[in-house]
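Q: I would like a close look at one part of this protein, with enough of the surroundings to place it. Please start from the overall make-up and work inward.
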Amino acid sequence: MCSLEKRGNLWVLTLTGDNQHRLSPTLIHSLLSTLSQLASQPTPGSVLLTTASGRIFSSGFDLGWARAAGSESGAMDRLLSMVDSLKPVVAALMSLPMPTIAAVNGHASAAGFLLAISHDYVLMRSDYGVLYMPEVNIGLPLPDYFATMMRAKIRSPMALRDVVLGGVKVTAAEAVKMGIVDSAHDSVESTVEAAMRLGEEVGGRKWVGEAYAEIRKSLYPEACLVLGLPHKAIVSKI
């Protein structure tokens with residue numbers, strides 16, 4: 001469901017399998033396992049780059065699996081279980097002891113949108129794909145950590161309103177103007193290439209992973225509180 005490849009100091013995590021890259025229990029477990037593996041073996045200069053195969057980054061939770069429960073209550077139980085199981089993945093990204101980059105290769109909607117912006121840097125192709133939070137359009141409430149992360153990563157009140165309350169579909173160029181995406185690129189290849197260059201640039205700084213993670217958490221105190229991420233004391237080597 002996802003693969004991990006090391007290229008120098010870069011760890012490249014690729015969502016594979018289902019072209020929609022729906023966040024099913026299997027994929028969520030695979031992501032958490034991979035991130036736990038990375039967290040246990042950081043070295044100065046390590047960087048995570050996350051992307052996906054095909055034309056879609058992630059279309060969000062696997063609602064087909066939820067509906068297969070056969071009843072409305074069963075479907076809701078399955079959906080809530082996916083909501084609960086994704087929270088540790090977001091927490092793992094927010095506490096990962098290395099810089100993180102998302103190379104968004106196409107549509108990123110709902111939980112897939114959240115997955116993308118849980119990275120430190122977001123690059124997106126401009127020739128295909130949108131960012132989209134459909135909850136308001138389909139009548140689903142927004143989980144608490146979704147809302148907190150959206151507030152943390154979309155700092156413009158008008159942009160936040162349009163994305164979350166308006167359910168607008170945001171192109172790469174629009175996302176750059178809104179401050180959601182760092183840069184837009186004219187193809188999936190150029191997006192990944194730019195993400196690789198950025199990864200090599202930040203990796204070249206040889207930052208200490210534990211210190212980097214703690215500084216990141218200090219920037220998003222509300223999100224870390226909701227995600228259950230405590231601050232750790234770092235002993236300076238100066």
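How many helices and strands does the secondary structure of the protein come to? Then, for the close look, which residues of H6 are buried, and which helices do they pack against?

A: This is a predicted model, and everything below should be read as a description of that model.

The secondary structure consists of 11 helices and 10 strands. With a radius of gyration of 17 Å, close to the 18 Å that the globule rule gives for 238 residues, the protein is as compact as a globular protein of that length. Along the principal axes, its C-alpha atoms fill a box of roughly 60 × 40 × 35 Å. Of the 238 residues, 50% count as buried. Among contacts with a separation of 6 or more, 71% are between residues 24 or more positions apart. The accessible surface is about 11100 Å², and carbon and sulfur atoms account for 56% of that surface. As for charge, there are 21 positive and 21 negative charges, and their mean positions lie 3 Å apart.

Now to the helix you asked about. H6 covers residues 144-153, and 8 of its 10 residues are buried, so the helix is largely enclosed by the rest of the structure. "Buried" here means under 20% relative accessible area. The residues concerned are Tyr-145, Phe-146, Ala-147, Thr-148, Met-149, Met-150, Ala-152 and Lys-153. A lysine, Lys-153, is therefore among the residues that fall under the cut-off. In an α-helix, residues three or four places apart point the same way, because there are 3.6 residues a turn. The run of buried residues from Tyr-145 to Met-150 is unbroken. The packing partners of these buried residues are five helices: H3 (72-95), H4 (111-117), H5 (135-138), H7 (157-165) and H11 (221-227).

One of those partners, H4, leads on to the next feature. The loop between strand E6 (107-109) and H4 holds Ala-110. Phi of Ala-110 is near 50°, which is positive although the residue is not glycine. Ala-110 is buried, at 11% relative accessible area. A second positive phi outside glycine occurs at Lys-206, where the value is near 55°. Lys-206 sits in the loop between helix H9 (188-203) and helix H10 (209-219), and at 44% relative accessibility it counts as partly exposed.

Strand E6, before the Ala-110 loop, belongs to an open sheet of 4 strands in the order E4-E6-E8-E9, with mixed pairing. E4 (56-58) and E9 (169-170) stand at the edges with a single partner strand each, so one side of each has no neighbour in the sheet. E9 pairs with E8 (residues 131-132) in the antiparallel sense over 2 bridges, and one bridge puts Tyr-132 opposite Lys-169.

Among the strands, E7 (residues 121-125) is also largely enclosed by the rest of the structure, since 4 of its 5 residues are buried. E7 runs parallel to E5 (residues 100-104), joined by 4 bridges, with Leu-123 as the bridge partner of Ala-103. E7 also runs parallel to E10 (residues 183-185), here over 3 bridges, and Met-124 has Ala-184 as its bridge partner in E10.

Methods: Residues numbered from 1 in each chain as written. Predicted model: local features only at pLDDT ≥ 70, side-chain atom pairs only at ≥ 80, totals over all residues. Heavy atoms only, no water. Rg over C-alpha atoms; globule rule 2.2 N^0.38 Å. Buried < 20%, exposed > 50% of the residue type's maximum accessible area, 1.4 Å probe, protein only. Contact = heavy atoms within 4.5 Å. Areas by Shrake-Rupley, 256 points an atom, 1.4 Å probe, with all protein chains shown as cover. Lys, Arg positive; Asp, Glu negative; His and termini not counted. Charge placed at Lys NZ, Arg CZ, Asp CG, Glu CD. Pairing = 2+ DSSP bridges.
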